[in-house]
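Me: Could you take a close look at one part of this model for me, the strand pairing and what surrounds it? Please give me the cut-offs as you go.

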Amino acid sequence: MLVAAVGFTGVLGSGSSYRPAGTEPPSNSAADPRATTPPGAVRCTPASCPHLGSPDLPQEEWDARNNRAREMLDDLIAALPAGYTVVRDDPLNPLDPKAFSLGFYQAYFNVRQGKQTGLVMVEVHTPQSPIGNRWQGNGCDLALEIWPPRGTCQLMTASQAKVGVAQARWNEDPPRFAQWAVYRHPDGVLVKVVQISRPDRYWTAPPELKKLPFTAQQLADLAVSDQFHVDVD
């Protein structure tokens, strides 16, 4: 989404926690070694998704897919509105896009405005992805199905397509707000673009973003963009 969240190579703690292999937070750091995978990311274990990480593709195909994931990361960073910067030096949230067997791609990064920190992510599933195939419907039905906690949704038009843009707020202290757009292309490729007001990878949470980077319309436009569409095998 990560082997604990579909395929990240890392050290797993209890539950679905994750930290990169060999990474320990420095003393007095706000980094949490029990840090979870990004909120909204697909969580999948080898037992529930045995195809993940399987060496069923030639190396050149893996290289091509990983390059495609890198392009997605670059395109998502390039789309970031002015006034926001990408956090490139966080060992608990590295810029490390991934491609997985059976057509699953993921890229995400922390984003900062002043001292406020949030997270942006794109996740793509082809029709071959058993994870994406679990999610049915289109529009708001699809957006509200794929990620608890379910919230509210508005149906947006982007490039003449109908896109569900959902939002939810966690009752936390400090609170955390998320918004995500989901679109299933006519060929079955599913794209989810997520923005979250605060990452949950720290003992002491950084101040959350008071204003998320993208508008609902911009999220919808990204979800239907060819930048995040992939060829169907």
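Reply: β9 and β10 run antiparallel to each other, paired over seven bridges. Strands here are DSSP runs of E with at least two residues, helices are runs of H or I with at least four, and both are numbered from the N terminus; two strands pair if DSSP finds at least two bridges between them. One of those contacts across the pair puts Gln-179 opposite its bridge partner Gln-195 in β10. The two strands make a hairpin with five residues between them, and Gly-188 in the turn has a positive phi of about 100°.

Before going further: this is a predicted model, where local features need pLDDT of at least 70 and side-chain atom pairs count only at pLDDT 80 or more, while totals for chains, interfaces and linings use all residues. Residues are numbered from 1 along each chain as its sequence is written, and side-chain values use heavy atoms, with hydrogens and water left out.

β9 also pairs with β8, again antiparallel and over seven bridges, with Gly-164 standing opposite Val-182 in β9. Eight of the nine residues of β9 are buried (under 20% relative accessible area with a 1.4 Å probe, protein chains only; exposed is over 50%, partly exposed in between), so β9 is largely enclosed by the rest of the structure.

Now the packing. The largest nonpolar core has 37 residues, and Phe-109, Val-122, Val-124 and Val-163 have the most contacts inside it. A core of this kind is a set of buried Ala, Val, Leu, Ile, Met, Phe, Trp, Tyr and Cys residues joined through side-chain atoms within 4.5 Å. Elements supplying at least two residues each include β8, β9 (176–184) and β10 (190–196), but α3 gives the most, with six. Val-163 is in contact (heavy atoms within 4.5 Å) with Ala-181, Val-182 and Tyr-183, among others, and also with Ala-220, Ala-223 and Val-224, leaving aside neighbours within four places in sequence. A second, separate core of 20 residues includes Leu-190 and Val-194.

The loop between β7 (152–158) and β8 (161–170) holds Ser-159, and Gln-160 is found there too. Neither is a glycine, yet phi is positive in both: about 50° for Ser-159 and near 65° for Gln-160. Ser-159 is exposed at 68% relative accessible area, and so is Gln-160 at 81%.

As for confidence, pLDDT (the predictor's confidence in each residue, from 0 to 100) averages 77 over the chain, with 71% of residues at 70 or more. Helix α3 (residues 216–224) has the highest mean of the elements, 97, and strand β1 (residues 10–12) the lowest, 22.
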